[in-house]
Amino acid sequence: MAGSLITCIAFSLSIFATNVPMLMMLYGVLGGFGLGLIYLPAVVAVGYYFEKKRALATGISVCGSGVGTFIFAPFATYLLDQYGWRGANIIFAALCLQCAVFGALMRPLSMSVLVEEEEEEEDECVLKLPDGTIHIQTVDSNGQLSA
């Protein structure tokens with residue numbers, strides 16, 4: 001969500017650029033940083049939602065950036081013809097702000113915690129995460145977790 005806000009602000013401020021270096025800093029550097037903050041969590045989150053066909057799901061999600069590039073090239077040309085570069089930047093800023101809505105839809109998965117009792121009457125807490133890692137901690141008689 002932070003990435004979409006940064007990108008929206010950068011694209012919106014770029015319409016006030018008075019020279020090309022300022023435009024490059026706002027649109028290119030700051031906007032590119034925001035787009036990176038949008039892209040990375042979206043791709044990583046796919047790995048948490050799919051266990052069996054994780055590679056296929058990740059491939060499809062990464063493929064979306066290529067499809068977006070293919071679709072947005074003629075769309076950008078249309079917007080430039082209709083609204084000029086400043087109007088097109090405002091529209092792109094609004095589209096990037098929509099990523100905040102989709103970012104809000106990414107919910108954390110529920111985690112299952114398995115508690116097993118040992119013969120010594122110490123409880124063992126086994127945490128199995130969606131990415132396959134397992135964390136084991138013991139619970140002492142006071143109910144405190146220890147490594």
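Buried residues make up 22% of the 147 residues in the chain. The model is a predicted one.

**Exercise 1. Lay out the chain.**
Task: State how many helices and strands the chain has, and give their order.

Solution.
- Step 1: Count the elements. The chain holds three helices and four strands.
- Step 2: Read from the N terminus. The order is α-α-α-β-β-β-β.

**Exercise 2. Relate helix 1 to helix 2.**
Task: Describe how helix 1 and helix 2 pack.

Solution.
- Step 1: Pick the quantities. Two packed helices are described by the angle between their axes and the distance between the axes.
- Step 2: Read the values. Helix 1, residues 2-13, packs with helix 2 at an angle of about 160°, and the axes are 7 Å apart.
- Step 3: Classify the angle. Angles over 145 degrees count as roughly antiparallel, so helix 1 is roughly antiparallel to helix 2.
- Step 4: Add the handedness. The crossing of helix 1 past helix 2 is left-handed.

**Exercise 3. Find residue pairs across the sequence.**
Task: Place isoleucine 6 and leucine 35, and give the C-alpha distance from each to its listed partner.

Solution.
- Step 1: Start with isoleucine 6. Helix 1 contains this residue.
- Step 2: Give its partner. Isoleucine 6 and leucine 37 are 31 residues apart in sequence, and their C-alpha atoms are 8.8 Å apart.
- Step 3: Check exposure. Isoleucine 6 has a relative accessible area of 25%, so it is partly exposed.
- Step 4: Turn to leucine 35. This residue sits in helix 2.
- Step 5: Give its partner. Leucine 35 and alanine 2 are separated by 33 residues in sequence and by 9.9 Å from C-alpha to C-alpha.
- Step 6: Check exposure again. Leucine 35 has 37% relative accessibility, so it counts as partly exposed.

**Exercise 4. Relate helix 2 to helix 3.**
Task: Describe how helix 2 and helix 3 pack.

Solution.
- Step 1: Read the values. Helix 2 and helix 3 meet at an angle of about 150°, with axes 11 Å apart.
- Step 2: Classify the angle. The cut-off for roughly antiparallel is over 145 degrees, so helix 2 is roughly antiparallel to helix 3.
- Step 3: Add the handedness. Helix 2 passes helix 3 in a right-handed crossing.

**Exercise 5. Follow phenylalanine 50.**
Task: Locate phenylalanine 50 and classify its exposure.

Solution.
- Step 1: Locate the residue. Phenylalanine 50 is in the loop between helix 2 (20-49) and helix 3 (54-104).
- Step 2: Classify it. The relative accessible area of phenylalanine 50 is 41%. Partly exposed lies between under 20% and over 50%, so phenylalanine 50 is partly exposed.
- Step 3: Look at the surface. Phe50 joins Leu40, Val44, Tyr48, Tyr49, Met106 and Leu109 in a nonpolar surface patch of about 630 Å².

Methods:
Residues numbered from 1 in each chain as written. Predicted model: local features only at pLDDT ≥ 70, side-chain atom pairs only at ≥ 80, totals over all residues. Heavy atoms only, no water. Patch = residues over 30% accessible without salt bridge, like charges linked within 9 Å, V, L, I, M, F, W, Y side chains within 5 Å. Areas by Shrake-Rupley, 256 points an atom, 1.4 Å probe, with all protein chains shown as cover. Salt bridge = Lys/Arg side-chain N within 4 Å of Asp/Glu carboxyl O. Helix = DSSP H or I, 4+ residues; strand = E, 2+ residues; numbered from the N terminus. Buried < 20%, exposed > 50% of the residue type's maximum accessible area, 1.4 Å probe, protein only. Axes fitted to C-alpha atoms, helices over the stretch in contact; angles between N-to-C directions. Parallel < 35°, antiparallel > 145°, perpendicular 65-115°, else oblique. Left-handed = near helix turned anticlockwise from the far one by under 90°.
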